[in-house]
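Colleague: I should like to learn how to read the features of a structure such as this one. May we go through helix packing, strand pairing and local backbone geometry in turn?

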Amino acid sequence: MNIAEKRYKRLRDEMVQAQIEARGISDLLVLKAMRTVPRHLFVIEAMMDQAYMDYPLPIGEQQTISQPFIVAEMTQALHLSSHDRVLEIGTGSGYQAAVLGEIVSKVYTIERKHSLFVRTRRLFDQLKYYNIVTRYTDGTTGWKEESPFDAIIVTAGSPTIPEALLEQLGVGGRMVIPVGDQHSQDLMRIVRHEDGFEKESLGRCRFVKLIGEHGWGDE
Ligand code: SAH
(Lines give C-alpha, C1' and ligand atoms only; values in the text may rest on other atoms or scores of the structure.)
Protein backbone atom coordinates (compact mmCIF):
# COMPACT_ATOMS: atom_id res chain seq x y z
CA MET A 1 0.00 0.00 0.00
CA ASN A 2 1.35 3.47 -0.84
CA ILE A 3 1.01 6.45 1.48
CA ALA A 4 -2.23 7.71 -0.08
CA GLU A 5 -3.82 4.26 0.13
CA LYS A 6 -2.78 3.91 3.76
CA ARG A 7 -4.38 7.24 4.51
CA TYR A 8 -7.63 6.22 2.82
CA LYS A 9 -7.59 2.92 4.71
CA ARG A 10 -7.30 4.84 7.97
CA LEU A 11 -10.16 7.19 7.00
CA ARG A 12 -12.24 4.16 6.07
CA ASP A 13 -11.65 2.42 9.41
CA GLU A 14 -12.57 5.65 11.19
CA MET A 15 -15.72 5.99 9.08
CA VAL A 16 -16.86 2.48 9.98
CA GLN A 17 -16.12 2.99 13.65
CA ALA A 18 -17.62 6.46 14.13
CA GLN A 19 -20.50 6.49 11.62
CA ILE A 20 -21.50 2.84 11.34
CA GLU A 21 -20.62 0.79 14.43
CA ALA A 22 -21.26 3.67 16.84
CA ARG A 23 -24.78 3.98 15.41
CA GLY A 24 -25.63 0.37 16.05
CA ILE A 25 -24.80 -1.53 12.87
CA SER A 26 -23.49 -4.89 14.08
CA ASP A 27 -23.59 -7.27 11.09
CA LEU A 28 -19.94 -8.32 10.80
CA LEU A 29 -20.20 -8.98 7.08
CA VAL A 30 -21.42 -5.42 6.51
CA LEU A 31 -18.70 -3.88 8.69
CA LYS A 32 -15.99 -5.93 6.99
CA ALA A 33 -17.23 -5.05 3.50
CA MET A 34 -17.29 -1.34 4.32
CA ARG A 35 -13.76 -1.52 5.72
CA THR A 36 -12.71 -3.08 2.42
CA VAL A 37 -14.41 -1.21 -0.45
CA PRO A 38 -12.28 1.81 -1.51
CA ARG A 39 -15.14 4.36 -1.42
CA HIS A 40 -12.83 7.16 -2.61
CA LEU A 41 -12.60 5.47 -6.01
CA PHE A 42 -16.41 5.58 -6.41
CA VAL A 43 -16.72 9.38 -6.10
CA ILE A 44 -15.71 12.00 -8.64
CA GLU A 45 -12.05 12.89 -8.44
CA ALA A 46 -12.52 16.41 -7.09
CA MET A 47 -14.38 14.93 -4.10
CA MET A 48 -12.05 12.10 -3.17
CA ASP A 49 -11.04 13.79 0.05
CA GLN A 50 -14.68 13.89 1.15
CA ALA A 51 -15.39 10.26 0.29
CA TYR A 52 -15.38 9.08 3.92
CA MET A 53 -17.44 11.94 5.32
CA ASP A 54 -20.87 11.49 6.89
CA TYR A 55 -22.97 12.67 3.91
CA PRO A 56 -23.96 11.81 0.33
CA LEU A 57 -21.95 13.26 -2.57
CA PRO A 58 -22.86 14.19 -6.16
CA ILE A 59 -21.68 11.70 -8.82
CA GLY A 60 -22.84 13.57 -11.95
CA GLU A 61 -26.14 13.38 -13.89
CA GLN A 62 -27.81 14.97 -10.80
CA GLN A 63 -27.42 11.67 -8.94
CA THR A 64 -25.70 10.92 -5.64
CA ILE A 65 -23.67 8.25 -3.87
CA SER A 66 -25.51 7.54 -0.61
CA GLN A 67 -24.21 8.50 2.82
CA PRO A 68 -22.12 5.60 4.25
CA PHE A 69 -24.57 4.99 7.11
CA ILE A 70 -27.57 4.52 4.81
CA VAL A 71 -25.58 1.99 2.75
CA ALA A 72 -24.78 0.10 5.95
CA GLU A 73 -28.36 0.25 7.20
CA MET A 74 -29.87 -0.98 3.93
CA THR A 75 -27.27 -3.72 3.53
CA GLN A 76 -27.77 -4.98 7.09
CA ALA A 77 -31.55 -4.97 6.58
CA LEU A 78 -31.11 -7.46 3.72
CA HIS A 79 -29.80 -10.14 6.16
CA LEU A 80 -27.33 -11.43 3.60
CA SER A 81 -25.33 -14.61 3.55
CA SER A 82 -22.43 -15.50 1.29
CA HIS A 83 -24.32 -17.69 -1.20
CA ASP A 84 -27.07 -15.10 -1.88
CA ARG A 85 -27.90 -13.60 -5.28
CA VAL A 86 -28.91 -9.97 -5.03
CA LEU A 87 -30.63 -7.54 -7.41
CA GLU A 88 -29.92 -3.82 -7.13
CA ILE A 89 -31.93 -1.13 -8.94
CA GLY A 90 -29.89 2.08 -9.38
CA THR A 91 -26.19 1.25 -9.87
CA GLY A 92 -25.09 4.91 -9.76
CA SER A 93 -21.49 5.12 -8.55
CA GLY A 94 -21.38 1.36 -7.96
CA TYR A 95 -20.47 1.74 -4.29
CA GLN A 96 -23.52 -0.07 -2.90
CA ALA A 97 -23.08 -2.87 -5.45
CA ALA A 98 -19.41 -3.24 -4.46
CA VAL A 99 -20.37 -3.51 -0.78
CA LEU A 100 -22.87 -6.21 -1.75
CA GLY A 101 -20.27 -7.87 -3.98
CA GLU A 102 -17.90 -8.23 -1.01
CA ILE A 103 -20.58 -10.15 0.88
CA VAL A 104 -22.59 -12.29 -1.57
CA SER A 105 -21.82 -14.58 -4.48
CA LYS A 106 -23.49 -12.57 -7.22
CA VAL A 107 -24.90 -9.08 -7.68
CA TYR A 108 -27.15 -8.03 -10.56
CA THR A 109 -27.37 -4.25 -10.85
CA ILE A 110 -29.38 -2.06 -13.24
CA GLU A 111 -28.80 1.60 -14.19
CA ARG A 112 -30.90 3.79 -16.49
CA LYS A 113 -28.35 6.59 -17.10
CA HIS A 114 -25.98 5.54 -19.84
CA SER A 115 -22.97 7.60 -18.75
CA LEU A 116 -23.13 6.20 -15.20
CA PHE A 117 -23.64 2.68 -16.51
CA VAL A 118 -20.50 2.90 -18.69
CA ARG A 119 -18.29 4.60 -16.11
CA THR A 120 -19.27 2.22 -13.32
CA ARG A 121 -18.93 -0.95 -15.42
CA ARG A 122 -15.36 0.12 -16.22
CA LEU A 123 -14.65 0.68 -12.52
CA PHE A 124 -15.99 -2.77 -11.56
CA ASP A 125 -13.60 -4.31 -14.10
CA GLN A 126 -10.65 -2.24 -12.88
CA LEU A 127 -11.32 -3.27 -9.29
CA LYS A 128 -11.96 -6.89 -10.39
CA TYR A 129 -15.55 -7.08 -9.12
CA TYR A 130 -16.25 -9.90 -11.54
CA ASN A 131 -19.24 -11.13 -9.52
CA ILE A 132 -21.18 -7.94 -10.35
CA VAL A 133 -23.29 -8.15 -13.49
CA THR A 134 -24.55 -4.85 -14.90
CA ARG A 135 -27.38 -3.88 -17.19
CA TYR A 136 -28.43 -0.63 -18.85
CA THR A 137 -32.22 -0.37 -18.76
CA ASP A 138 -35.24 0.66 -16.66
CA GLY A 139 -34.94 -1.42 -13.49
CA THR A 140 -38.52 -0.97 -12.29
CA THR A 141 -39.49 -4.13 -14.20
CA GLY A 142 -36.65 -6.07 -12.54
CA TRP A 143 -34.50 -8.76 -14.20
CA LYS A 144 -36.92 -11.61 -14.81
CA GLU A 145 -34.53 -14.08 -16.46
CA GLU A 146 -32.31 -14.13 -13.37
CA SER A 147 -35.13 -14.26 -10.81
CA PRO A 148 -35.97 -15.30 -8.12
CA PHE A 149 -33.54 -13.28 -5.98
CA ASP A 150 -32.62 -13.81 -2.33
CA ALA A 151 -32.57 -10.05 -1.84
CA ILE A 152 -33.56 -6.92 -3.79
CA ILE A 153 -32.35 -3.39 -3.00
CA VAL A 154 -33.72 -0.27 -4.64
CA THR A 155 -31.46 2.76 -4.17
CA ALA A 156 -33.84 5.41 -5.54
CA GLY A 157 -37.14 6.67 -4.12
CA SER A 158 -40.31 5.14 -5.54
CA PRO A 159 -43.99 6.23 -5.28
CA THR A 160 -45.00 2.57 -4.73
CA ILE A 161 -43.38 -0.85 -4.50
CA PRO A 162 -43.10 -2.07 -8.11
CA GLU A 163 -45.15 -5.27 -8.54
CA ALA A 164 -42.54 -6.89 -10.77
CA LEU A 165 -39.92 -6.63 -8.02
CA LEU A 166 -42.23 -8.32 -5.49
CA GLU A 167 -42.80 -11.13 -8.01
CA GLN A 168 -39.06 -11.62 -8.51
CA LEU A 169 -38.32 -11.97 -4.80
CA GLY A 170 -37.94 -15.63 -3.78
CA VAL A 171 -39.78 -17.10 -0.78
CA GLY A 172 -37.73 -16.09 2.27
CA GLY A 173 -36.32 -13.19 0.23
CA ARG A 174 -35.81 -9.67 1.60
CA MET A 175 -36.26 -6.33 -0.15
CA VAL A 176 -35.44 -2.77 0.92
CA ILE A 177 -36.88 0.19 -0.96
CA PRO A 178 -37.51 3.87 -0.17
CA VAL A 179 -41.23 4.56 -0.74
CA GLY A 180 -42.79 8.00 -0.60
CA ASP A 181 -42.93 11.35 -2.38
CA GLN A 182 -40.07 13.18 -4.05
CA HIS A 183 -38.92 14.94 -0.88
CA SER A 184 -38.82 12.12 1.64
CA GLN A 185 -39.57 8.43 1.85
CA ASP A 186 -40.09 5.57 4.27
CA LEU A 187 -37.32 3.00 4.03
CA MET A 188 -39.46 -0.11 3.65
CA ARG A 189 -38.31 -3.65 4.35
CA ILE A 190 -40.34 -6.43 2.80
CA VAL A 191 -39.97 -10.14 3.52
CA ARG A 192 -41.63 -12.72 1.31
CA HIS A 193 -43.18 -15.64 3.18
CA GLU A 194 -44.92 -18.73 1.76
CA ASP A 195 -48.28 -17.05 2.32
CA GLY A 196 -47.57 -13.41 1.54
CA PHE A 197 -45.47 -10.33 2.18
CA GLU A 198 -44.52 -8.80 5.52
CA LYS A 199 -43.78 -5.05 5.41
CA GLU A 200 -42.23 -2.70 7.95
CA SER A 201 -40.78 0.80 7.90
CA LEU A 202 -37.19 1.26 9.08
CA GLY A 203 -37.50 5.04 9.23
CA ARG A 204 -37.44 8.13 7.03
CA CYS A 205 -34.89 8.70 4.29
CA ARG A 206 -34.24 10.86 1.25
CA PHE A 207 -33.27 9.46 -2.16
CA VAL A 208 -33.24 10.70 -5.73
CA LYS A 209 -36.20 9.59 -7.84
CA LEU A 210 -36.69 6.12 -9.25
CA ILE A 211 -37.71 6.95 -12.80
CA GLY A 212 -39.36 4.37 -15.01
CA GLU A 213 -42.43 2.41 -16.03
CA HIS A 214 -43.30 1.52 -12.42
CA GLY A 215 -41.63 4.50 -10.74
CA TRP A 216 -41.89 8.24 -11.36
CA GLY A 217 -42.46 9.62 -14.87
CA ASP A 218 -39.51 11.05 -16.77
CA GLU A 219 -39.13 14.77 -15.99
N1 SAH B 1 -26.58 2.70 -5.38
C2 SAH B 1 -26.04 3.94 -5.89
C3 SAH B 1 -26.99 5.10 -5.64
C4 SAH B 1 -27.10 5.96 -6.85
S5 SAH B 1 -28.40 7.15 -6.86
C6 SAH B 1 -24.65 4.21 -5.32
O7 SAH B 1 -24.19 3.44 -4.47
O8 SAH B 1 -23.99 5.14 -5.77
C9 SAH B 1 -29.69 6.29 -7.67
C10 SAH B 1 -29.42 5.76 -9.05
O11 SAH B 1 -30.62 5.15 -9.54
C12 SAH B 1 -29.07 6.84 -10.08
O13 SAH B 1 -27.86 6.51 -10.71
C14 SAH B 1 -30.24 6.79 -11.08
O15 SAH B 1 -29.87 7.08 -12.41
C16 SAH B 1 -30.71 5.37 -10.92
N17 SAH B 1 -32.08 5.08 -11.35
C18 SAH B 1 -33.19 5.84 -11.17
N19 SAH B 1 -34.27 5.23 -11.70
C20 SAH B 1 -33.83 4.03 -12.22
C21 SAH B 1 -34.47 2.94 -12.87
N22 SAH B 1 -35.78 2.94 -13.15
N23 SAH B 1 -33.71 1.88 -13.24
C24 SAH B 1 -32.37 1.86 -12.99
N25 SAH B 1 -31.72 2.87 -12.37
C26 SAH B 1 -32.44 3.94 -11.98
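Modeller: Let us begin with a term: contact means heavy atoms within 4.5 Å. Please keep in mind that this is a predicted model.

Colleague: With that meaning of contact, which residues of α3 meet which residues of α4?

Modeller: On the α3 side they are Val71, Met74 and Thr75, and on the α4 side Tyr95, Gln96, Val99, Leu100 and Ile103. Six of the residues in this contact are nonpolar, two are polar and none is charged.

Colleague: How is the geometry of two packed helices described?

Modeller: One gives the angle between the two axes and the distance between those axes. For α3 and helix α4 (residues 95-103), the angle is about 40° and the axes are 11 Å apart. Angles of 65 to 115 degrees count as roughly perpendicular, whereas those that fit none of the named ranges count as oblique. The arrangement of α3 relative to α4 is therefore oblique. The crossing of α3 and α4 is right-handed.

Colleague: What are the angle and the axis distance for α1 and α3?

Modeller: Helix α1 (residues 3-21) packs against helix α3 (residues 68-77) at about 65°, and their axes lie 9 Å apart. The two helices are therefore roughly perpendicular to each other. The crossing of α1 and α3 is right-handed. From α1, the residues Met15, Gln19 and Ile20 meet Pro68, Phe69 and Ala72 of α3. This contact comprises five nonpolar residues, one polar residue and no charged residue.

Colleague: Let us turn to the strands. How are the strands of the seven-stranded sheet ordered, and is the sheet open or closed?

Modeller: The sheet is open, its order is β5-β4-β3-β6-β7-β8-β9, and its pairing is mixed. An edge strand is one that pairs on one side only, and here the edges are β5 (132-136) and β9 (196-205). From one strand to the next the twist averages 15°.

Colleague: Which pairing in the sheet is parallel, and which are antiparallel? One example of each sense would help.

Modeller: For the parallel sense, take strand β4 (residues 106-111) and β5, which pair over five bridges. In that pair Tyr108 stands opposite Val133 of β5. For the antiparallel sense, take β7 and β8, joined by seven bridges. There, Val179 has Asp186 in β8 as its bridge partner. β8 and β9 likewise pair in the antiparallel sense, over eight bridges, and Gln185 stands opposite Cys205 in β9.

Colleague: How many residues join β7 to β8 in their hairpin, and how many join β8 to β9?

Modeller: The hairpin from β7 to β8 passes through four residues, and that from β8 to β9 through two residues.

Colleague: Which helix lies across β6, β7, β8 and β9?

Modeller: That helix is α3, which lies across β6 (149-154), β7 (169-180), β8 (185-193) and β9 and runs at about 20° to β8.

Colleague: What should one look for in the backbone angles?

Modeller: Most residues other than glycine have a negative phi, and most peptide bonds are trans. Glu61 has a phi near 55°, a positive value in a residue other than glycine. This residue lies in the turn of the hairpin formed by β1 and β2, which have two residues between them. Strand β1 (residues 57-60) and strand β2 (residues 63-65) run antiparallel and are joined by three bridges; Pro58 has Thr64 in β2 as its bridge partner.

Colleague: Is the peptide bond from Ser147 to Pro148 cis or trans?

Modeller: The bond from Ser147 to Pro148 is cis, with omega near 0°. Pro148 is placed in the loop between β5 and β6.

Colleague: How many aromatic pairs does a search of the whole structure find?

Modeller: The search finds six aromatic pairs. One of them is formed by Tyr8 and Tyr52, with 6.1 Å centre to centre and 45° between the planes, and it is tilted. Tyr8 belongs to helix α1 and Tyr52 to the loop between α2 (28-36) and β1, so the pair ties together parts that are 44 residues apart in sequence.

Conventions. Residues numbered from 1 in each chain as written. Predicted model: local features only at pLDDT ≥ 70, side-chain atom pairs only at ≥ 80, totals over all residues. Heavy atoms only, no water. Pairing = 2+ DSSP bridges. Axes fitted to C-alpha atoms, helices over the stretch in contact; angles between N-to-C directions. Parallel < 35°, antiparallel > 145°, perpendicular 65-115°, else oblique. Left-handed = near helix turned anticlockwise from the far one by under 90°. Nonpolar A, V, L, I, M, F, W, Y, C, P; charged D, E, K, R; others polar. Phe/Tyr/Trp six-rings, centres within 6.5 Å; stacked < 30°, edge-to-face > 60°.
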